[in-house]
Amino acid sequence: MLLPMSTVYRGQIIWRHLRLWKRSPTRMGFEPTRAEHNGLAVHRLNHSATSSCVCNARQYCSSSSVLNLRLKMVDSQYYLPNEIGVAALDCTEAFRLLSPQEKMYSHYLSRAAWYGGLAVLLQTSPESADIFVLLQRIFRKQTPAQLEQVATATGLSSEEYQAFLVYAAGLYANMGNYKSFGDTKFIPNLPKDKLKALVRASQAFQEQPTEMEALWDSCSCLLFSLEDRQKQLGLGDKGVTTYFSSNCSLEDAELAQKFLDSKKLSAYNTRLFKRDNGGKACFEVRLASAVQKDCAVEGECESCCGSFNFEEKEFTVKRGDYAPLMEKVSHYLQKAQAYAANENQRKMLEEYSRSFTFGSIDAHKEGSRYWIKDKGPIVESYIGFIESYRDPFGSRGEFEGFIAVVNKAMSERFAKLVSSAEVLLPELPWPREFEKDTFLKPDFTSLDVLTFAGSGIPAGINIPNYDDIRQLEGFKNVSLGNVLSVAYATQKDKLTFLEEEDKDLFIKWKGPSFEVQVGLHELLGHGSGKLFVQDDEGKFNFDQSKVTNPETGEPVSSWYRGSETWDSKFSTIASSYEECRAECVGLYLCLNKQALGIFGHEGQDAEDVVYVNWLSMVRAGLLGLEFYTPENKSWRQAHMQARFVILRVLLEAGEGLVGLEEVTGKDGKPDARITLDRSKIHTVGKIAIHRFLCKLQVLKATADVEGGRALYDCYATVGDSGAHNFLRLRETVLLRKEARKMFVQANTRISGDSVELVDYEGSAAGLIRSFTERFQDDAEQLEADLLKLCKRDAPCWC
């Protein structure tokens, strides 16, 4: 895709640099022109050498980045284009049909989710919360339309002001200044001096100049900085993370995990901080909780807090991370209890509230058990520290909370899939002993999202993520219907890397095929497969004398022990590996006529759905290269790494199943073409996925970390040798990429005895307004709390 040309700022020095730049090839191997924009923006990053920066800003902004009037070529992946898609999630009709009690229940749950979601700012980067507060203060005083007049008077062009709105909307949508899908930093696509002038001209600044100046100084350096380490999230020298203090290494993360396992503590709601105590490394494990006392408090039998010696290191477990936010979450969950539909919902909310009050994952697990038992609710929800994708070590959960209303018509199809699960599971390519002893039929519903607080909104979810509950007690699946309907709408002229004859078919069947893939992926992908475990008492959940490894023919010789879990054992590859396994299950079982029939696809239509589903996966594997960082050879997005691995597996299958070639596009620039021989999907393709999927499950079931890592890393390697130069193809993908859509969500508010739904337009301005109106009741206190939390942790990032 070709992005619009950014403004090229005039001036003798600038044009001299541009002339020099045009004489040499760019990193992508072609010459950008004003008429044919290549996705590179020219920024004048005029950081002042005398500007005041907090200690973390001083560390990250080196002298090379504070030169006045310095030109820097910024790859398009580090800013959001002005024409980025912004769509409103429509839940008006679904909400209208709720009873007054259900509306009240939804409202208070939404409040809990939105306040808890602000913790993601503190989980993302040192500067995210400061930037959030800066934006909130500006837009609380002036709407985007009102501020536009100020921007014009200050000298911003309409394109520059739109770039500012897009940046602000992006920060809100991602709950931080790193993309939720890909973990890449994004910066404002306008000069720093112009943004500073706009901030200073705003009404918020005029009313509180000292406070606003201090706030700008605290985040402005990091807001624009693109030092190598800051370009993406990661641990140590690979990127930025606030799950660990900046002095933590991978070895420290591994040691901390061993310590947590020894204490039977989950890492999901923790962060790790390392400090030096007289030459001895000491570690603080901080639990997310409203309570800040480390001793046992009322309602708690025993505190897990205290100081411990472990492998000659000192570990201290403390409470109180995100305390004011967790207090809000617990408060609104308690409010929601009064409107719960049944006893399971009441007990669920009681346990969740206890979890966020005391920092107890055991309480959250107990709440999740009640949640599983709450079958077929009209209003569905889940809240907590859930997904570990963004923890560089793969164990700590990012906060999220969703509230949604059941779509009955679509849910009937998923109910049929659940009923057929016990027939479809034996079709999977591993021996019966490697499947769960009993398939615990879950709820599987299609939902229209009312609220989804966190860093991003997925298409489907399979939760809870606790292995012991999933294996023995069950889980739930949800497909987010109103997200699917707008997120994956595709225009023909924006479809990249496909043959022209495939595009119309792709557009017609992309939605239906993805619906099939989501259903199979969530229910029978994440919901399948046994883990071999020896518990603390030495008891096995499998017969050691009979179960053999189908890959070696020998008895199973490894398994999970005690408190070890899938995440703690496979750590850095766990998320992507599991997504790959689930995607393979979807590809494999979509070949089953019964599975396709459940979704209403038969005959030629069914074959077209299969073809587009496989073609979509192959294309996604190529698109996944956008999320690979060559500089440190790391992947930034679990799902896209998984899809690239599947592409490699299908290319390796040979026999002309998948074709991938580099070509020159109609615009004369690098392009690529993907082909898929539909006549070989049921033969060559099925055999390849059969073999690979079996290996994935066997290695997972037997806790064979070494074998699993070797297999997965082999296929996930991105190189420039062999039949395909994937590093060069990555440049082509970046050239043609399309920015992911952002979603505008409604607010709820109490009016008298009823609850109203407040909708916003699907635009950057609409997204901004939704956030500024979301926290109106206690905006000043909330912003003060966020700034206090930032200040407390600032030394940890130095």
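**Group meeting talk: helix pairs and strands in a predicted model**

Okay, let's start with two helices: α6, residues 128–141, and α8, residues 158–174, have axes that come within 10 Å and cross at roughly 125°. Before I go on, please keep in mind that this is a predicted model.

So what do we call a crossing like that? Angles over 145 degrees would be roughly antiparallel, and 65 to 115 would be roughly perpendicular. This pair fits neither, and α6 and α8 are therefore oblique to each other. The crossing is also left-handed.

Now look at who touches whom. On the α6 side you'll find I131, F132, L135, Q136 and F139, and they meet F164, L165, Y167, A168, L171 and Y172 of α8. Sort that contact by class and you get 10 nonpolar residues, one polar and no charged ones.

Let's hold that up next to a second pair. Helix α13 covers residues 323–337, helix α14 covers 343–358, and they pack at an angle of about 165° with their axes 9 Å apart. With the cut-off for antiparallel at over 145 degrees, α13 and α14 are therefore roughly antiparallel to each other. Here too, α13 passes α14 in a left-handed crossing.

What does α13 bring to the contact with α14? It brings M326, V329, S330, L333, Q334, A336 and Q337. Facing them in α14 are R346, L349, E350, Y352, S353, F356 and T357. This contact divides into seven nonpolar, five polar and two charged residues.

Right, on to strands. A bit of background: strands of a sheet pair through backbone hydrogen bonds, either parallel or antiparallel. In our model, four strands make an open sheet in the order β4-β5-β7-β6, with mixed pairing. Its edge strands are β4, at 270–277, and β6, at 306–310, and each of those pairs on one side only. From one strand to the next, the twist averages 25°.

Zoom in on the middle of that order. Strand β5, residues 280–288, and strand β7, residues 313–321, run parallel and are joined by six bridges. If you want one to click on, take C282, whose bridge partner in β7 is E314.

Next, a different strand: β10, residues 443–453. How many of its residues are buried? It's 11 of the 11, so β10 is largely enclosed by the rest of the structure. And what does β10 pair with? One partner is β9, residues 398–406, running antiparallel to β10 and joined to it by six bridges. In that pairing, V405 has D448 in β10 as its bridge partner. β10 also pairs with β12, residues 476–480, this time in the parallel sense, over five bridges. There, F444 is matched with N477 in β12.

One single residue before I zoom out: E607, which sits in helix α24, residues 603–623. Is E607 buried, exposed or something in between? Its relative accessible area is 31%, and because buried means under 20% and exposed means over 50%, E607 counts as partly exposed. Leaving aside neighbours within four places in sequence, E607 is in contact with R678 and H682. Its C-alpha atom is 9.8 Å from that of C590, which is 17 residues away along the chain.

And the whole thing? The protein chain has 30 helices and 21 strands. Of its 798 residues, 61% count as buried. Among contacts between residues at least 6 apart in sequence, 76% join residues at least 24 apart.

That's my tour, thanks!

Definitions and conventions: Residues numbered from 1 in each chain as written. Predicted model: local features only at pLDDT ≥ 70, side-chain atom pairs only at ≥ 80, totals over all residues. Heavy atoms only, no water. Pairing = 2+ DSSP bridges. Axes fitted to C-alpha atoms, helices over the stretch in contact; angles between N-to-C directions. Parallel < 35°, antiparallel > 145°, perpendicular 65-115°, else oblique. Left-handed = near helix turned anticlockwise from the far one by under 90°. Contact = heavy atoms within 4.5 Å. Nonpolar A, V, L, I, M, F, W, Y, C, P; charged D, E, K, R; others polar. Buried < 20%, exposed > 50% of the residue type's maximum accessible area, 1.4 Å probe, protein only.
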